[in-house]
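Me: Please take a close look at a single part of this model and describe it in connected prose. I should like the account to begin with a loop residue and its backbone geometry, and to go on from there to the interior.

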Amino acid sequence: MRWRSDIDAGVQLCLHCRKLHPLERQRCDRCGSHLFQRKPHAVIKTFSLALSALLLLIPANLLPMMVVHSLVGNDAGTIMDGVIYFLEHGEAWIGIVIFIASVFVPFFKVTTLFYLLFIVYFRLRDKAHGGLRLYRIIHFIGKWSMLDIFVVALMVGVVQFKNLATIVTGPAAVAFMLAVVATMFATEAFDTRLMFDHETQRSTHG
Ligand SMILES: [Zn+2]
């Protein structure tokens, strides 16, 4: 063993004010925060939320994202219909932005979360550094998750302006927003320290 972790030392660190406490303490006596050595039930929480996000991404991609009511009738389009529409109508950059924000990024985040859980579950200590880098990426782009919703708003604006049509968001929008929220909570529930714990003695694992 090259270094001692909090688990080896049998102590827990308050993540809010950095005071060290013995394991049996429930609350920090300096700042009053709840104490835990690792985020409680991190694995099962991250797994169930990531799975929910993955299942929600199916209707988000297969159901209509927007429904267009115009003089020539009603038309419903999925995310990919929107992407193809812009690619075919000479506004490829909008199509690419929609594809990255609404298809690539959500699936990338969920896949990454499953990979991180895989590292923890199978104790792949040599993959922990790469896993941490991926976690930082999805944590960073998590802040931009609502970009997708702005993209839908932009799409609605562009189509509305061009076609004089009435556009409402379809059921996919609800599924999409729920998937975004589930992914954000899944990312927060994960504890990156679990990936590095395997070479030390474990006292908690959740
Ligand atoms: Zn504290």
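Reply: Histidine 41 is placed in the loop between strand 2 and helix 2. The model is a predicted one, and in it the phi of histidine 41 is near 50°, a positive value in a residue other than glycine. Most residues other than glycine have a negative phi. As to its surroundings, histidine 41 has 15 C-beta neighbours inside 10 Å and therefore counts as partly exposed.

A second residue may be set beside it. Arginine 18, which is not a glycine, also has a positive phi, of about 70°. Arginine 18 lies in the loop between strand 1 (11-13) and strand 2 (20-22). Because it has 10 C-beta neighbours inside 10 Å, arginine 18 counts as exposed.

From the loop that holds histidine 41, the chain leads to helix 2, and helix 2 (42-62) is one of the elements that give two or more residues to the largest nonpolar core. That core has 35 residues, and those touching the most other members are Ala53, Leu56, Ala60, Leu113, Leu116, Ala179 and Ala186. Besides helix 2, the elements giving two or more residues are strand 3 (66-70), helix 3 (79-88), helix 4 (92-121) and helix 7 (171-189). Helix 4 supplies the largest share, nine residues. In soluble globular proteins, nonpolar side chains tend to be buried together.

Leucine 56 allows a closer view of this core. Its contacts, leaving aside neighbours within four places in sequence, are Ala175, Leu178, Ala179 and Ala182. Of these, Ala179 is, like Leu56, among the residues that touch the most other core members.

Technical notes: Residues are numbered from 1 along each chain as its sequence is written. This is a predicted model: local features need pLDDT of at least 70, side-chain atom pairs count only at pLDDT 80 or more; totals for chains, interfaces and linings use all residues. A nonpolar core is a set of buried Ala, Val, Leu, Ile, Met, Phe, Trp, Tyr and Cys residues joined through C-beta atoms within 7 Å. A residue is buried if 20 or more other C-beta atoms lie within 10 Å of its own, exposed if 12 or fewer, and partly exposed in between; C-beta atoms are placed from the backbone. Helices (H or I, at least four residues) and strands (E, at least two) are DSSP runs, numbered from the N terminus. Two residues are in contact if their C-beta atoms, placed from the backbone, lie within 7 Å.
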